[in-house]
Amino acid sequence: MRPLIVIGNWKMNGSLASNQDWVKTVARGMESGMPAGRKFVVCPPFPYLSQCAGMIKEHSLAFLSLGAQDVSAQSSGAYTGEVAASMLKEMGCSYVIVGHSECRLLHHEVDEVVAAKALEVLDNGMTPVICVGETADERNSGRAQEIVCGQVAKQVSVLQDRLADCLIAYEPVWAIGTGKVASAQVVQDMHRAIRLQLAEFDEDVASHVGILYGGSVKPDNAVELFAMPDIDGGLVGGASLNPQDFLAICQA
Ligand code: PGA
């Protein structure tokens, strides 16, 4: 049985003061108990990891884990501006998002780099959250499954058995931050296709890997999405900035 996982991706948002309020509100909300068999993760920007790790500890938030939004594909050395997986581990991270479409677009990140980042994360004892997804043009031309399964196949070719320790996040680029959520059935169909792609490599791995959906997840669509058999949770951007909305999605 795969656990339901909700990951909040703050992107480039937050401040020392607002982060404090966020954790306090979430702590209060989680105190009254959370549904069993679920995992919750928050991914603040790098400079706030230490602050958030401290607050999670201070509030004894056993339900909430810390994650990062990106990582270097290298382990150390002359890479100005980059952050190594070992550093994220030291800061208390358990999860790291890799291959987010914003990184693929802005940093021209290709599948090989995404896989190298995932390996760094795994080698440092954390869980990579590998993002895949098609653009609006790719969907409109009927190539959505081909594109997404192609991205998954590239990860399989590098990561092989180690995929069992990864999460995959299906994030259609046209649904990110646009309010245009893909229908639960469209998402379910894609998640099924991803699982079948994984099963071509190994059925056991395919049945273990959690596949999350991301793209305008909100409290009012989370229930329907999470009820689908192959949707194992959500990667939530905009709505995760509001602690009440994040809590509502965690409870969906
Ligand atoms: P969104 O972002 O929820 O704001 O659409 C999701 C993501 O990019 O991870």
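Cysteine 52 counts as buried because its relative accessibility is 1%, where buried means under 20% relative accessible area, exposed over 50%, and partly exposed in between (1.4 Å probe, protein chains only). The model is a predicted one, in which local features need pLDDT of at least 70 and side-chain atom pairs count only at pLDDT 80 or more, while totals for chains, interfaces and linings use all residues. Residues are numbered from 1 along each chain as its sequence is written, and side-chain values use heavy atoms, with hydrogens and water left out.

With a disulfide taken as a pair of cysteine sulfur atoms within 2.5 Å, the structure holds 0 of them. Cysteine 52 accordingly takes part in no disulfide, and the nearest cysteine sulfur, that of cysteine 93, is 9.8 Å away. A similar reading applies to cysteine 131, whose sulfur lies 8.2 Å from the closest cysteine sulfur, in cysteine 103, too far for a bond. Cysteine 131 also counts as buried, at 2% relative accessibility.

Cysteine 131 leads on to glutamate 171, which touches it along with His100, Val132, Gly133, Ile176, Gly214, Gly215 and Leu235, not counting residues up to four places away in sequence; contact here means heavy atoms within 4.5 Å. Glutamate 171 sits in the loop between β6 (167-170) and α8 (184-201), with helices (H or I, at least four residues) and strands (E, at least two) being DSSP runs numbered from the N terminus. Which side chain of opposite charge is nearest to glutamate 171? That side chain is lysine 11, 6.2 Å away, and glutamate 171 is buried yet has no salt bridge. A salt bridge requires a side-chain nitrogen of Lys or Arg within 4 Å of a carboxyl oxygen of Asp or Glu; Lys and Arg count as positive and Asp and Glu as negative, while His and the chain ends are not counted.

Turning to the aromatic rings, those of Phe, Tyr and Trp (its six-membered ring) pair if their centres lie within 6.5 Å, with planes under 30 degrees apart counted as stacked, over 60 as edge-to-face and the rest as tilted. This rule gives 3 aromatic pairs. In one of them, tryptophan 10 and tryptophan 22 meet edge-to-face, 5.0 Å centre to centre with 75° between the planes. Tryptophan 10 lies in the loop between β1 (4-9) and α1 (16-31) and tryptophan 22 in helix α1, so the pair ties together parts that are 12 residues apart in sequence. Tryptophan 22 also forms a tilted pair with phenylalanine 246, at 5.2 Å centre to centre and 45° between the planes. This pair links distant parts of the chain, since phenylalanine 246 belongs to helix α11 (residues 243-251), 224 residues apart from tryptophan 22. Ring pairs thus link Trp10, Trp22 and Phe246 into a cluster.
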